[in-house]
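Here are a few exercises to work through with the model open beside you. Try each task before reading its solution.

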Amino acid sequence: MKISKRALLNIDYSNDFVASDGTLTCGPVAQELHDYIVKTTLNFNEAGDYIAFLVDLHHEGDKLHPESKLFPDHNIEGTDGRKLYGKLEDTYQALKENPNVDYFDKTRYSAFVGTNLELKLREREITEVHLVGVCSDICILHTAIDAFNRGFDVVVHENGVASFNQAGHDFTLDHVVEVLGGHVI
Ligand code: ZN
């Protein structure tokens, strides 16, 4: 198997964050990313690159979780809200047996916190992480910062990220380039 130096981190593109009836949805701006994220996922797969699906996981009634004071319930275990949005769910189902594809439950904004994502990247000698998903200024930004702190090159796909907070979205793209030394493509 080819050893690739880049990986696609597919973050939180779930019904609750994207669908019109999602409990914490970014709405139309997130729905517009659908075709780009599906296509990019297929392109990375075709190239033999590593693809990580990282999906927020919460448990009903968990009042100890720090997000419980900030946001309504979202991505509750076992619900449709936690499934990937649109054709990305089908795409994941079609690719999931591929050894270059992994799915991670994550419980914090950063995909590196409480997961073995870093170990998976290191064992593949990956140096560059490409980010798509939502929300730009929450899980994308926190993951980008943690990737930078761990020495990974960060690439954010402008047509693959969105937020309900446009100012936060714009700040994130700027921060990735100016402060994390990454790229926005
Ligand atoms: Zn959450």
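**Exercise 1: the cavity**

How many nonpolar, polar and charged residues are in the lining of the largest cavity?

Solution. Keep in mind that this is a predicted model.
- Step 1: look for cavities of 30 Å³ or more; the structure holds 1.
- Step 2: get its volume, which for the largest cavity comes to about 80 Å³.
- Step 3: find who sits around it. The lining has 13 residues, and those closest to the centre of the largest cavity are Phe-17, Leu-24, Tyr-109, Ile-138 and Cys-139.
- Step 4: sort the lining by class, and you end up with 9 nonpolar, 1 polar and 3 charged residues.

**Exercise 2: helix 3 against helix 4**

Work out how helix 3 and helix 4 are oriented where they pack.

Solution.
- Step 1: take helix 3 as residues 34-46 and helix 4 as residues 87-95; their axes are 9 Å apart, at an angle of about 15 degrees.
- Step 2: angles under 35 degrees count as roughly parallel, so helix 3 is roughly parallel to helix 4.
- Step 3: check the hand of the crossing of helix 3 and helix 4, which is left-handed.
- Step 4: list the contacts. Helix 3 brings His-34, Ile-37, Val-38, Thr-41, Leu-42 and Asn-45, and helix 4 answers with Lys-87, Leu-88, Thr-91 and Leu-95.
- Step 5: class the residues of this contact, giving 5 nonpolar, 4 polar and 1 charged.

**Exercise 3: helix 6 against helix 7**

Repeat the job for helix 6 and helix 7.

Solution.
- Step 1: helix 6 spans residues 136-149 and helix 7 spans residues 166-178; they pack at about 15 degrees, with axes 9 Å apart.
- Step 2: that angle makes helix 6 roughly parallel to helix 7.
- Step 3: the crossing of helix 6 and helix 7 turns out left-handed.
- Step 4: on the helix 6 side you'll find Ser-136, Asp-137, Leu-141, Ala-144 and Ile-145, meeting Gly-168, His-169, Phe-171, Thr-172, His-175 and Val-176 of helix 7.
- Step 5: the residues of this contact split into 5 nonpolar, 5 polar and 1 charged.

**Exercise 4: backbone oddities**

Which peptide bond is cis, and what is the phi of Asp-12?

Solution.
- Step 1: recall the background: most residues other than glycine have a negative phi, and most peptide bonds are trans.
- Step 2: go to the bond from Val-134 to Cys-135, which is cis with omega near -15 degrees.
- Step 3: place Cys-135, which is in the loop between strand 4 (128-134) and helix 6.
- Step 4: turn to Asp-12, not a glycine, yet with a positive phi of about 55 degrees.
- Step 5: place Asp-12 too, in the loop between strand 1 (6-11) and helix 1 (15-18).

Key
Residues are numbered from 1 along each chain as its sequence is written. This is a predicted model: local features need pLDDT of at least 70, side-chain atom pairs count only at pLDDT 80 or more; totals for chains, interfaces and linings use all residues. Side-chain values use heavy atoms; hydrogens and water are left out. Axes are lines fitted to C-alpha atoms, for helices over the stretch in contact, and angles run from 0 to 180 degrees between N-to-C directions. Helices (H or I, at least four residues) and strands (E, at least two) are DSSP runs, numbered from the N terminus. Angles under 35 degrees count as roughly parallel, over 145 as roughly antiparallel, 65 to 115 as roughly perpendicular and the rest as oblique. A crossing is left-handed if the near helix is turned anticlockwise from the far one by less than a right angle, and right-handed if clockwise. Contact means heavy atoms within 4.5 Å. Ala, Val, Leu, Ile, Met, Phe, Trp, Tyr, Cys and Pro count as nonpolar, Asp, Glu, Lys and Arg as charged, and the others, Gly among them, as polar. On a 1 Å grid over the protein atoms alone, a cavity is a set of points where a 1.4 Å probe fits but cannot get out, and a pocket is an open set with protein on both sides within 12 Å along at least five of seven lines; lining residues have an atom within 4 Å of a point. Grid points are joined across faces, edges and corners, and a volume is the space filled by probe spheres set on the points.
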